[in-house]
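User: I'd like to learn how to read packing and empty space in a protein model. Can we work through one together?

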Amino acid sequence: MTIIGIAGGTGSGKTTVVRKIVEALPPHYVAVVPLDSYYNDTSHMTEEERHAINFDHPDAFDWKLLHRQVNDLRNGLAIEQPTYSYILCNRLPETVHVEPKPVIIIEGIMTLLNKKLRDLMDLKIFVDTDSDERLIRNIQRDIVERGRTVEQVVERYLDVLKPMHEQFIEPTKRYADLIIPQGGENLKGIAILRKYIEGIVAKESKN
């Protein structure tokens, strides 16, 4: 089994990179574990307290559960991956059944932050995109998917996303084995990465 960690700022193009990797591999060969599914359970909080959570701080994530479930997959055990609602700011009752696959991709803004999680990875990738492009993508996404106004997105970017990115996300670039500038638009970089992963998979298939 090959475990790949893909990190990068919000709106950097991580999802596009993951999709292109998945498309390059045989069907049903990859399991994707999104960091966004592992926000802490906030059932004990009031609605006001939930909406005050800083989702771009490491403390917002349930690292122990994520590490345990990735480790379970590595050991050949299926997991029940949690699901999270940005609207409710809480976990949903439903879970996603994930079977162990030859390639496990852990994807999220702070995927490379936690050392215990990094130690499980065979390949660490950082998707690096200019801050202005990330802001534009955040505006486009949050208006459509999360019902926010342009003003709300920009205010959140300046007050939360930018300082959290500089403090927690950008420094994890030094842990990356590969850095992909411009995210999903870097077709050559993604092609090289795909070939590398295909080589790993082919080698493991022979063993």
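Analyst: Sure, we'll go through the cores, one helix, one buried residue and then the empty spaces. Keep in mind that this is a predicted model.

User: Okay, cores to begin with. Which residues have the most contacts inside the largest nonpolar core?

Analyst: The general idea: in soluble globular proteins, nonpolar side chains tend to be buried together. Here the largest nonpolar core has 32 residues, and those with the most contacts inside it are Ile3, Phe61, Trp63, Leu66, Val70, Met110 and Leu117. Two or more residues each come from strand 1, strand 2, helix 3, strand 3, strand 5 and helix 6. Helix 3 gives the largest share, five residues. There's also a second, separate core of 18 residues, with Ile4, Ile105, Ile190 and Val201 among them.

User: Let's zoom in on helix 3, then. Which of its residues are buried?

Analyst: A bit of helix geometry helps here: an α-helix has 3.6 residues a turn, so residues three or four places apart point the same way. In helix 3, the buried ones are Trp63, Leu65, Leu66, His67, Gln69, Val70 and Leu73. The cover over those buried residues includes strands 1, 2, 3, 4 and 5, along with helix 4. Take Leu66 as an example: setting aside neighbours within four places in sequence, it touches Val33, Leu35, Tyr38 and Leu117.

User: Why does the length of helix 3 agree with what it should span?

Analyst: Count 1.5 Å a residue: the 12 residues of helix 3 should then span 16 Å, and its end C-alpha atoms are 16 Å apart, so the two agree. Just after the helix, Gly76 takes a positive phi of about 85°.

User: What about Gln81, is it buried or exposed?

Analyst: Buried means under 20% relative accessible area. Gln81 sits at 5% relative accessibility, so it counts as buried. Its place is in strand 3. Leaving out neighbours within four places in sequence, Gln81 has contacts that include Val32, Val33, Pro34, Ser37 and Tyr38. Gln69 is also in contact with Gln81, and Gln69 is one of the buried residues of helix 3.

User: Now the empty space. How many cavities of 30 Å³ or more are there?

Analyst: Rolling a probe the size of a water molecule over the atoms shows where empty space is left. In this model the count comes to one cavity of 30 Å³ or more. The largest cavity has a volume of about 50 Å³. Its lining includes Gly9, Asp56, Arg134, Tyr157 and His165, and helix 6 gives the most, with six residues. By class, the cavity lining has four nonpolar, three polar and three charged residues.

User: And the pockets? Which residues lie nearest the centre of the largest pocket?

Analyst: The largest pocket holds about 590 Å³ of space. Of its 28 lining residues, Lys14, Thr15, Asp36, Glu107 and Arg141 lie nearest the centre. Helix 1, strand 2, helix 5 and helix 6 each give two or more residues to that lining, and helix 1 gives the most, with five. The lining divides into nine nonpolar, 10 polar and nine charged residues.

User: What volume does the second largest pocket have, and which residues lie nearest its centre?

Analyst: The second largest pocket has a volume of about 300 Å³. It's lined by 12 residues, and His51, Ile53, Phe55, Arg148 and Arg156 lie nearest its centre. That lining has six nonpolar, two polar and four charged residues.

Technical notes:
Residues are numbered from 1 along each chain as its sequence is written. This is a predicted model: local features need pLDDT of at least 70, side-chain atom pairs count only at pLDDT 80 or more; totals for chains, interfaces and linings use all residues. Side-chain values use heavy atoms; hydrogens and water are left out. A nonpolar core is a set of buried Ala, Val, Leu, Ile, Met, Phe, Trp, Tyr and Cys residues joined through side-chain atoms within 4.5 Å. Buried means under 20% relative accessible area, exposed over 50%, partly exposed in between (1.4 Å probe, protein chains only). Helices (H or I, at least four residues) and strands (E, at least two) are DSSP runs, numbered from the N terminus. Contact means heavy atoms within 4.5 Å. On a 1 Å grid over the protein atoms alone, a cavity is a set of points where a 1.4 Å probe fits but cannot get out, and a pocket is an open set with protein on both sides within 12 Å along at least five of seven lines; lining residues have an atom within 4 Å of a point. Grid points are joined across faces, edges and corners, and a volume is the space filled by probe spheres set on the points. Ala, Val, Leu, Ile, Met, Phe, Trp, Tyr, Cys and Pro count as nonpolar, Asp, Glu, Lys and Arg as charged, and the others, Gly among them, as polar. The expected span of a helix is 1.5 Å times one less than its number of residues.
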